[in-house]
Amino acid sequence: MAKIQITVWGYKCERCEHEWIPRNTVDEPRVCPLCKSPYWNKPRKNKSSKKS
Ligand SMILES: [Zn+2]
């Protein structure tokens, strides 16, 4: 048996960049388990694409 890489679905917090694999993949986690932020899946919106 060759060595392979198994990829599983996980989540990554947009705030603290914490990555975790949920036990229940049906429901998205409400908060990041590390920083407890409810906006873990919402990246900072930057509508104005002006480069300063
Ligand atoms: Zn987080």
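Is Ser 37 buried, partly exposed or exposed? I will start there and then go through the rest of the chain. Keep in mind that this is a predicted model.

Ser 37 is partly exposed, because 16 other C-beta atoms lie within 10 Å, and a residue counts as buried at 20 or more and as exposed at 12 or fewer. Ser 37 sits in the segment after E2. Setting aside neighbours within four places in sequence, its contacts are Cys 13, Arg 15, Val 31 and Cys 32. One of these, Arg 15, is 22 residues away from Ser 37 along the chain, with a C-alpha separation of 7.6 Å.

Now the overall picture. The protein chain has two strands and zero helices. Of its 52 residues, 6% are buried. Among contacts in the chain with a separation of 6 or more, 22% join residues that are 24 or more positions apart.

Next, strand E1, which covers residues 11-12. What does Tyr 11 touch, leaving aside its neighbours within four places in sequence? Tyr 11 is in contact with Trp 20, Pro 22 and Pro 29. Tyr 11 belongs to strand E1, and it is partly exposed because 17 other C-beta atoms lie within 10 Å. From Tyr 11 to Glu 28 is 17 residues in sequence and 8.8 Å in space, C-alpha to C-alpha.

Lys 12 is also in strand E1. Its count is 13 C-beta neighbours inside 10 Å, so Lys 12 is classed as partly exposed. Once neighbours within four places in sequence are left out, Lys 12 has contacts with Glu 17 and Glu 19. Lys 12 and Asn 41 are separated by 29 residues in sequence, and their C-alpha atoms are 7.3 Å apart.

Glu 17 came up just now as a contact of Lys 12. Where is Glu 17 placed? Glu 17 is in the loop between E1 and E2. With 11 C-beta neighbours inside 10 Å, Glu 17 counts as exposed, because the limit for that class is 12 or fewer. The backbone at Glu 17 has a phi near 65 degrees, which is a positive value in a residue other than glycine.

Lys 36 can be described in similar terms. Its phi is near 60 degrees, again positive in a residue other than glycine. Why is Lys 36 classed as exposed? Lys 36 has 12 other C-beta atoms within 10 Å, and exposed means 12 or fewer. In the chain, Lys 36 is found in the segment after E2.

The last residue is Pro 29. Pro 29 lies in the segment after strand E2, and that strand spans 19-20. Pro 29 is partly exposed because it has 15 C-beta neighbours inside 10 Å. Not counting residues up to four places away in sequence, Pro 29 touches Tyr 11 and Pro 22. In the other direction, Pro 29 and Trp 40 are eleven residues apart in sequence, with 9.1 Å between their C-alpha atoms.

To recap: Tyr 11 of strand E1 is in contact with Pro 29, and Pro 29 is in the segment after E2. Ser 37, in the segment after E2 as well, is in contact with residues including Cys 13 and Arg 15. Glu 17 and Lys 36 are exposed, and buried residues make up 6% of the chain.

Methods: Residues numbered from 1 in each chain as written. Predicted model: local features only at pLDDT ≥ 70, side-chain atom pairs only at ≥ 80, totals over all residues. Helix = DSSP H or I, 4+ residues; strand = E, 2+ residues; numbered from the N terminus. Contact = placed C-beta atoms within 7 Å.
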